[in-house]
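Dear colleague,

I am handing over the structure below, together with a short account of what was found in it. Please read the notes that follow with the coordinates open beside them.

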Amino acid sequence: MYSDPKPSFSFLILLFLRLQPLIFSLPTDALPPPTVCIVGSGIGGSSVAHFLRHYFHPSPSQPRPPNIKIFERSYVVGGRMATVSIGGETFEAGASILHPKNYHALNYSNLLGLKVKPPPASEDDDSMSLGIWDGKKFVFKTLQVDSKFPLVQKIVSYVNSFRIFFRYGFSLLKMGSFVESTVDSFLKYYESPERRPIFETVDEMLKWAGLYNLTTQTLQDELIGIKLSPLLIEELVTVITRINYGQSVYISGLAGAVSLAGSGGGLWAVDGGNWQMASGLINSSDVFLHLNEEIESISYLGEYYELNSTKGNSYSCEVAVVATPLDEVNIQFSPAVSIRERKLQHTHATFVRGLLNPAYFGLRTVAEIPELVGTLEDPDLPFTCISVLKQHDENDIIYKIFSREPMSDALLDSIFSARLQTNRINWGAYPHYKAPELFAPFILDGQHLYYVNAFENAASTMETGAVAAENVARLILSRYFSEASLQSSNLQSFSPDADVSHFDL
């Protein structure tokens, strides 16, 4: 009979040494993944979550992707992308239009299966009738003919193009070249991630693309420098900057160029509301969403951040991202962060279902009033623009009015002969631009507290928010997840000549 031999002490030591790497690697996998907390659910916050998911690649030190929490003080997501319902119709109340070369937004729409559409006629320069109002008269009006025949519409379009060219001359071509050159520089942000640096400051990001100098002087100075006619700057350019940014041609040059780009052809929007991009990105990024919960303090406690909300809740996270303008929120930071004070430009959007008063404009009939009434820079003018959103019949029209101050009932009653319904929204819409621009850092504390909206001092659009968010996501992964590689195989890079209708993430 044979008995089992007893293992020797030396054998046990040898076995322990061989299993030691496995034994001590188990707790690493068992540790919970780090948490990224994002304050704000607009295009910036939702894009950060999206790009964190798509760029993350496991590494030995970070085998699991981070948990992501998004905090939104409102009861809906979308930030400054929102809709309003009036007269049984739904319209964009905030960020309204997208450029045909806004490739992140196009990619989001394709990824999420969203249907795109052209904006209302009043927001599409190719099909609207335009009048430039100085407070007493129309200094310029395009022709408008009430005809459904395409041939007649085409003839009117050609006539209007000739009249605009006759008034402003070859300066229109110079303006177009200026805008095209700016857009081409911006397209560098869509190059393959392997060919793009990760930027810690907005200044670096702008200088790399060749856009920084545009932020150092006003749009007016830029346009005078390329010898645009004073009449074009005073009238058409001013109308565009007042509509898109609620400001004059004294805004910084880059913001002005972006504003002019937003007045061209091929513009689009998401059918049902642009807010669906943010909602879709959040839903597809495995996010813990906290609606109707405002963050009131962010404290760095050595190895993590503590976020406290107005509901009395406390949250811990290794990385914190602010994706909302700090200008009008009351978040207390500990230690304190220091950024330049910035004033937001408020735009009051007033939606009216009713009928304009032609006498207010010195006209006899409503049909003579252009679909888009733009205004010159005059502090006494009570609105920046009035546009037709939808015409049900000749006595029932839905209008959108932008103004720098609230529109009182008495003022509206003087502008309108009839009002069936009125909705008012006050947006802290974008920065008040002033050249030379100074920028807050992307990294607020030298640790892992990030600020997406630092880029807004360059230009504020849905697409610039997405571009800044993508850089912040890469910054987080390169700094906190230093051994995790940036995986780009799931992301589509773009070229300006590509067919953007078939891009997928």
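A disulfide is taken here as a pair of cysteine sulfur atoms within 2.5 Å, and a search of the whole structure, which is a predicted model, finds zero of them. Two of the cysteines may still be worth a look: cysteine 37 counts as buried because its relative accessibility is 0%, under the 20% cut-off, and cysteine 317 is likewise buried, with a relative accessible area of 0%.

The rest of this message concerns helix α10, which spans residues 275-283 and contains glycine 280. With a relative accessibility of 15%, glycine 280 counts as buried, and its C-alpha atom is separated by 9.0 Å from that of leucine 111, although the two residues are 169 apart along the chain.

Two packed helices are described by the angle between their axes and the distance between the axes. For helix α2 (residues 43-55) and α10, the angle is about 30 degrees and the axes are 9 Å apart; since angles under 35 degrees count as roughly parallel, α2 and α10 are therefore roughly parallel to each other. The crossing in which α2 passes α10 is left-handed. On the α2 side the contact is made by Ile43, Ser46, Ser47 and His50, and on the α10 side by Met277, Ala278, Leu281 and Ile282. Sorted by character, the residues of this contact comprise five nonpolar and three polar ones, with no charged residue among them.

With best regards

Notes:
Residues are numbered from 1 along each chain as its sequence is written. This is a predicted model: local features need pLDDT of at least 70, side-chain atom pairs count only at pLDDT 80 or more; totals for chains, interfaces and linings use all residues. Side-chain values use heavy atoms; hydrogens and water are left out. Helices (H or I, at least four residues) and strands (E, at least two) are DSSP runs, numbered from the N terminus. Buried means under 20% relative accessible area, exposed over 50%, partly exposed in between (1.4 Å probe, protein chains only). Axes are lines fitted to C-alpha atoms, for helices over the stretch in contact, and angles run from 0 to 180 degrees between N-to-C directions. Angles under 35 degrees count as roughly parallel, over 145 as roughly antiparallel, 65 to 115 as roughly perpendicular and the rest as oblique. A crossing is left-handed if the near helix is turned anticlockwise from the far one by less than a right angle, and right-handed if clockwise. Contact means heavy atoms within 4.5 Å. Ala, Val, Leu, Ile, Met, Phe, Trp, Tyr, Cys and Pro count as nonpolar, Asp, Glu, Lys and Arg as charged, and the others, Gly among them, as polar.
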